[in-house]
Amino acid sequence: MTSGEYAQGSPHEAVGAYVLGVLDDAEATAFEAHLAGCEPCAAELDALAGMEPMLAGLKEFPGPAAQPLRPAPPDLSMALINEVAAQRARRRRRTTYLVAAAAALIVGGPAVAVVATSSGTGTHQSAEAHPTSPAEDAFFNHMTQKTSATDPTSEVTATVGTEPKAWGTHTVLELKNVKGPLKCSLIAIGKNGERETVTSWAVPNWGYGIKDSPHESARYPLYVHGGTAMTHDQIDHFEVRTFDGKALVDIPA
């Protein structure tokens, strides 16, 4: 396949042309977008990685109706190989970036932004909570079964959303008015006294769900999710406790 044919052919047929560097910029960009989600093409690209010299020699071969082929002069062959390798190296770097970006979008992860700040002692990084979170957007807002409670002593407010699963109970916790630094767990307490840790997390110094906090990230609630093997009718209540055993709030099931 030569430059200009990619748009009419299947993107799966463009691996060799991409390796040779004969695609123009628009075609190469389109193929790289396809490559980010196509495992067969990625595998073929890896397989061709060690065949650049052979492919480079074929790059200038005429079609079947042409005259018998003659070997290219050694200096021309080496120049061609070097140019193809240089073009492929440039495009491989761009492909690596695209694949990494696509993987980041697919995998997702906690909705946090890493912000670099400067101080008199040098530069450091801190994790800033995003106004929304995957647990809130994907699960909590769609759950119809929720219970809430506020502890009169700690003044921590918690809402637990639950949904039944074949394996037990999926649980999402919304936590407000909690200050750190703390390490905490959400624990499911069964009607028979059995205890299961649903999930655990750390509370930074600035806390979560504190409306008047000068720290912007602290104004948003914390959302975490996990699961318990208990069915919902086996659960009596939930507890939020610190790792050292301090009770922050109990929530009915």
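**Exercise 1. Classify Arg195 and follow its salt bridges.**

Solution. Start with exposure. Arg195 has 46% relative accessibility, so this residue counts as partly exposed. The model is a predicted one.

Next, find the partner. Arg195 and Glu239 form a side-chain salt bridge, at 3.1 Å from N to O. This pair links distant parts of the chain: Arg195 sits in strand S7 (residues 195-203), Glu239 in strand S9 (residues 235-242), and 44 residues separate them.

Now classify Glu239. Its relative accessibility is 7%. Buried means under 20%. Glu239 therefore counts as buried.

Look for another partner of Glu239. The side chain of Arg241 also meets Glu239 in a salt bridge, with 2.7 Å from N to O. Shared partners join Arg195, Glu239 and Arg241 into one network. Arg241 counts as partly exposed, at 23% relative accessibility.

Keep the general idea in mind: side chains of opposite charge can pair when their charged atoms come close.

**Exercise 2. Describe the salt bridge between Lys176 and Glu174, and classify each residue.**

Solution. Take the distance first. The closest N and O atoms of Lys176 and Glu174 are 4.0 Å apart. A salt bridge needs such a pair within 4 Å. Then check exposure. Lys176 is partly exposed, at 33% relative accessibility. Glu174 is buried, at 10%. Finally, place the pair in the whole: the structure holds four salt bridges.

**Exercise 3. Work out the surroundings of Thr169.**

Solution. Locate the residue. Thr169 belongs to strand S5 (residues 168-176). Check its exposure. The relative accessible area is 1%, so Thr169 is buried. List its contacts, leaving out residues up to four places away in sequence. Thr169 then touches residues including Thr162, Glu163, Gly226, Met230, His232 and Ile235. Look at His232 again. Its backbone nitrogen lies 3.2 Å from a polar atom of the Thr169 side chain.

**Exercise 4. Describe how strands S3 and S4 pair.**

Solution. Name the strands. S3 covers residues 145-150 and S4 covers residues 157-165. Give the direction. They pair in the antiparallel sense, over six bridges. Pick one bridge: Lys146 has Gly161 in S4 as its partner. Then read the turn. Six residues lie between the strands of this hairpin, and Glu155 takes a positive phi near 65°.

**Exercise 5. Summarise the whole chain.**

Solution. Count the elements: six helices and 10 strands. Add burial: of the 253 residues, 34% count as buried. Turn to the surface. The chain exposes about 14,800 Å², and carbon and sulfur atoms supply 57% of it. End with contacts. Among those with a separation of 6 or more, 54% join residues 24 or more positions apart.

Conventions: Residues are numbered from 1 along each chain as its sequence is written. This is a predicted model: local features need pLDDT of at least 70, side-chain atom pairs count only at pLDDT 80 or more; totals for chains, interfaces and linings use all residues. Side-chain values use heavy atoms; hydrogens and water are left out. Helices (H or I, at least four residues) and strands (E, at least two) are DSSP runs, numbered from the N terminus. Buried means under 20% relative accessible area, exposed over 50%, partly exposed in between (1.4 Å probe, protein chains only). A polar contact is a pair of N or O atoms within 3.5 Å; within protein, one must be able to donate a hydrogen and the other to accept it, and residues adjacent in sequence count only if both atoms are side-chain atoms. Contact means heavy atoms within 4.5 Å. Accessible areas come from the Shrake-Rupley method with a 1.4 Å probe; for residues, only the protein chains shown count as cover. Two strands pair if DSSP finds at least two bridges between them.
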